[in-house]
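User: I've got a structure here and I'd like to go through the labels people put on it. Could you take my questions one at a time and give the reasoning behind each label?

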Protein chains: 2
Amino acid sequence: MRMYDLIYTKKLGQALSAEQIAFWVKGAADGSVPDEQSSALLMAICWQGMSTEETLALTLNMRDSGDRVDLSAIPGIKVDKHSTGGVGDKTTLILGPIVAACGVPCAMFSGRGLGHTGGTVDKYAAIPGMKVELSIDEFKESLRSTGFANSAQTGDICPADRKLYALRDVTATVESIPLITASIMSKKLAGGSDALVLDVKCGGGAFMKTLEDSTALAQSMVNVGKAHGMKIKALITRMEEPLGWAIGNSLEVIESVEILKGLHGESDLAQMSFRLAAEMLVLGGAATDLPAAQTKVAEVIANGKAMEFFRTWTTFNGGDAKALDDFSRLPQPGQVIEIKADRDGWIHAMDSRALGILAMELGAGRQSKDDLLDLGVGIRVHKNVGQAVRAGELLYTVYAKTRTSVPIHRYLEAVHLEGLLTPKNPWLLGTIE
Amino acid sequence: MRMYDLIYTKKLGQALSAEQIAFWVKGAADGSVPDEQSSALLMAICWQGMSTEETLALTLNMRDSGDRVDLSAIPGIKVDKHSTGGVGDKTTLILGPIVAACGVPCAMFSGRGLGHTGGTVDKYAAIPGMKVELSIDEFKESLRSTGFANSAQTGDICPADRKLYALRDVTATVESIPLITASIMSKKLAGGSDALVLDVKCGGGAFMKTLEDSTALAQSMVNVGKAHGMKIKALITRMEEPLGWAIGNSLEVIESVEILKGLHGESDLAQMSFRLAAEMLVLGGAATDLPAAQTKVAEVIANGKAMEFFRTWTTFNGGDAKALDDFSRLPQPGQVIEIKADRDGWIHAMDSRALGILAMELGAGRQSKDDLLDLGVGIRVHKNVGQAVRAGELLYTVYAKTRTSVPIHRYLEAVHLEGLLTPKNPWLLGTIE
């Protein structure tokens with residue numbers, strides 16, 4: 001088999017066989033296919049696309065390039081959730097305890113943050129003592145003993161994806177529906193869950209800017225999951241402003257705990273977390289339909305079982321559960337700075353990407369992979385799209401290390417004020433199943 | 001400037017600036033741009049194409065990556081010809097002497113053969129003593145003293161093109177109109193001529209299979225030449241059968257000499273050579289229009305001046321001019337094998353690519369770059385498309401080293417016989433100027 005023929009075939013818009021894709025992925029990972037040939041094929045895939053069969057073959061070959069987590073010894077339908085990444089997105093911290101409290105085993109591998117988006121694992125790290133890097137055995141033990149496991153990716157998961165992603169990153173070939181699909185789904189399948197709910201973000205603050213692109217990505221991932229016999233459903237959700245009021249690790253733990261305690265139940269963040277949890281309950285077989293699942297979610301919030309689960313699970317994983325009720329035990333910022341509106345207006349849009357970058361610059365996120373985080377810093381967002389603001393009214397509370405590190409004008413520029421009310425779009429834009 | 005941005009820009013179908021193209025070509029040549037980024041950009045160019053301005057910038061940057069030949073000290077409009085490559089194409093050996101005999105300085109750099117197509121330089125090499133690798137000074141001296149210079153590419157011409165071509169060759173990115181254009185035109189512009197006639201082949205035996213593709217390539221090269229202020233015209237010519245009766249180096253010298261001596265004047269090869277020569281005379285200012293130029297061509301054939309020029313020029317370049325009249329002085333084959341038709345029919349098509357490969361296998365061409373040639377071997381083709389053949393009638397005379405090296409059935413398969421007459425298409429399919 002010659003790599004040249006694969007590139008030429010895809011350049012002409014024809015399908016690659018499963019054998020050809022296996023040859024490529026293996027060769028890219030072991031170095032026998034040179035990078036210049038892989039990158040030409042990656043660009044040809046950006047150009048000509050891939051069928052579901054091809055995308056599944058790419059997914060499975062990347063999955064099989066490294067370690068896999070076998071959860072089959074643990075009873076029940078293991079459910080997972082994946083989000084394509086947003087600013088202030090702490091839904092995992094909320095829905096994990098809810099789903100587990102409802103009796104469905106919830107097994108998730110989460111990432112660290114990079115650039116303007118935070119990572120779930122970093123948020124847990126704000127809880128003193130919390131262990132966020134579990135071995136595969138520890139991950140299984142957490143799942144078996146508590147019903148919930150959530151950790152940074154462990155072992156050597158999908159090294160072929162890591163290799164190809166590094167190449168895509170320098171060759172402008174990241175943006176391709178089949179390549180994104182295979183990258184995400186290979187890691188999800190290696191994680192060993194039986195069912196998966198996808199949260200595909202759409203909008204200015206997301207990777208996919210248009211409903212068309214978001215829908216295509218969601219459909220591609222659902223197609224691949226189904227072709228592999230997985231239970232899978234995707235929600236397409238709006239990402240036009242930060243999700244919830246908190247950006248930054250300690251702050252996001254606080255907001256998650258408040259929602260688990262029944263506060264802010266009407267917020268987009270709570271509604272989205274509850275809906276994702278309900279979808280997971282349906283896929284996990286704990287509810288016959290969505291309304292029944294939503295009732296179960298409401299119950300474990302109202303009777304405190306979800307929050308109680310979170311305390312127990314935190315303790316199991318070495319974390320200081322008292323910090324979930326006494327927030328002074330969480331990492332604290334050096335300075336608290338209030339930023340007020342400089343004029344009147346209706347909030348037309350909020351630049352969540354810009355706010356994500358501002359939080360990163362405070363130390364809440366990483367500019368490059370090895371940066372150390374300041375877990376106590378972050379941004380509290382006091383206003384949302386669709387609200388009226390008067391000059392002098394509080395827009396943000398910034399939790400910073402030092403006062404001089406806060407460029408006020410960039411915070412103000414992230415809020416787009418208009419003279420007229422802009423109706424807010426619903427957070428749920430569509431579902432694919 | 002970041003290479004990533006160039007790839008991303010082209011991936012989106014937007015134009016690269018002249019500065020960006022200069023950055024890339026320089027970086028590809030000196031190694032500061034890694035191959036995986038160049039190959040991703042090459043594939044993005046195959047996908048999205050390039051404007052004339054971009055193609056010209058690519059051409060000029062590749063031209064300027066190495067040595068250039070400065071012919072400005074030699075008086076007159078220096079004319080050049082380029083063919084995209086065919087089987088049995090020896091037009092250069094015929095039109096060079098004609099154009100020079102008409103007083104127009106003719107300066108051409110020619111290639112060596114590779115694969116199924118032969119190289120002009122290899123054909124000259126069949127003339128004993130002939131010097132086919134001239135230094136730039138020797139090239140200029142031949143042009144100044146005789147009015148004709150034709151040699152293998154000399155000096156370090158377009159190293160950036162050589163580097164990028166090697167990359168294209170392994171990444172299936174050879175077939176791209178702007179990339180082919182820049183590769184050809186950079187070398188032609190580095191060669192220093194003022195005017196260029198292009199022979200763009202079209203058909204089964206050519207690189208461009210369809211009239212549409214051939215026309216697009218011709219138009220692209222003419223656009224780039226004109227944008228650079230060059231006098232340029234392209235002919236699109238049919239390549240559905242070998243050009244002339246000879247394939248192989250000694251044989252092609254013999255056929256060329258016969259045409260210069262006024263034989264086979266009605267053949268496609270003679271007509272094409274005369275037409276290309278006439279176009280060169282018009283661009284070179286030796287004739288006001290094509291009919292006047294064609295009259296001049298006919299004169300130097302009829303009065304023997306073109307053939308006499310070829311003898312003089314051969315002597316000037318160290319070759320044995322007597323071999324042009326006594327063909328027994330040319331390299332000879334070991335065996336002569338006649339291949340006869342095994343059935344009746346009308347010749348519908350001849351597979352010139354297959355015949356080129358058969359000639360290569362005899363030793364007339366190179367499978368890989370460093371192969372040594374057998375200059376005496378080759379194929380004499382006795383029949384053309386559109387002719388009737390009877391079983392037992394002579395199709396080929398094969399000049400081989402040994403009898404066993406000739407797979408008769410493959411020669412027979414290269415002739416497609418039909419029960420009905422197939423009218424032959426004209427050799428000239430169109431012109432672009």
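Analyst: What follows is a set of questions and answers on this model, which is a predicted one.

User: Let's begin with salt bridges. What makes Arg329(A) and Asp320(A) a salt bridge?

Analyst: Their side chains meet at 2.8 Å, N to O. The cut-off is 4 Å between a side-chain nitrogen of Lys or Arg and a carboxyl oxygen of Asp or Glu, so the Arg329(A)–Asp320(A) pair at 2.8 Å qualifies.

User: And which of the words buried, partly exposed or exposed fits each partner, and why?

Analyst: Asp320(A) has a relative accessible area of 18%, and buried means under 20%, so Asp320(A) is buried. Arg329(A) comes out at 38%; that lies between 20% and 50%, so Arg329(A) is partly exposed.

User: Over in chain B, why are Lys26(B) and Asp30(B) called a salt bridge?

Analyst: The closest N and O atoms of Lys26(B) and Asp30(B) are 3.8 Å apart. That is within 4 Å, so the label holds. As for where they sit, both belong to helix H2 (residues 18–30) of chain B, and because they are four residues apart, about one helical turn separates them.

User: What are Lys26(B) and Asp30(B) called in terms of exposure, and why?

Analyst: Lys26(B) is at 58% relative accessibility, and exposed means over 50%, so Lys26(B) is exposed. Asp30(B) is at 47%, so it counts as partly exposed.

User: How do you know that the pair Asp325(B) and Arg311(B) links distant parts of the chain?

Analyst: First the bridge: the two side chains meet at 2.8 Å, N to O. Asp325(B) is in the loop between helix H14 (305–316) and strand S7 (335–340) of chain B, while Arg311(B) is in H14 of chain B, with their positions 14 residues apart. Both partners are partly exposed, Asp325(B) with a relative accessible area of 40% and Arg311(B) with 21%.

User: How many salt bridges turn up over all chains?

Analyst: The search of the whole structure finds 60. Some join up: Lys233(A), Arg275(A), Glu279(A) and Glu433(A) are linked in a network.

User: Two members of that network, Lys233(A) and Glu279(A), also touch Val197(A). Why is Val197(A) called buried?

Analyst: Its relative accessible area is 1%, which is under 20%, so Val197(A) is buried. This residue is in strand S4 (residues 195–202) of chain A. Its other contacts, leaving out residues up to four places away in sequence, include Asp80(A), His82(A), Leu276(A) and Met280(A).

User: Now helix H9 of chain B. What makes its span close to the expected one?

Analyst: H9(B), residues 177–190, has 14 residues and reaches 20 Å from its first C-alpha to its last. At 1.5 Å a residue, 20 Å is what you'd expect.

User: And how do you know that H9(B) is mostly covered?

Analyst: By the tally: 12 of its 14 residues are buried, among them Leu179(B), Ile184(B), Met185(B) and Lys188(B). Just after the helix, Gly192(B) takes a positive phi of about 90 degrees.

User: Last one: what describes the way H7(B) and H14(B) cross?

Analyst: The axes of H7 (residues 136–146) of chain B and H14(B) come within 11 Å and cross at roughly 145 degrees, in a right-handed crossing. Glu141(B), Ser142(B), Ser145(B) and Thr146(B) in H7(B) meet Phe309(B), Trp313(B) and Phe316(B) in H14(B). Those contact residues divide into three nonpolar, three polar and one charged.

How values were computed
Residues numbered from 1 in each chain as written. Chains lettered and ligands numbered in written order. Predicted model: local features only at pLDDT ≥ 70, side-chain atom pairs only at ≥ 80, totals over all residues. Heavy atoms only, no water. Helix = DSSP H or I, 4+ residues; strand = E, 2+ residues; numbered from the N terminus. Expected span 1.5 Å × (residues − 1). Buried < 20%, exposed > 50% of the residue type's maximum accessible area, 1.4 Å probe, protein only. Axes fitted to C-alpha atoms, helices over the stretch in contact; angles between N-to-C directions. Left-handed = near helix turned anticlockwise from the far one by under 90°. Contact = heavy atoms within 4.5 Å. Nonpolar A, V, L, I, M, F, W, Y, C, P; charged D, E, K, R; others polar.
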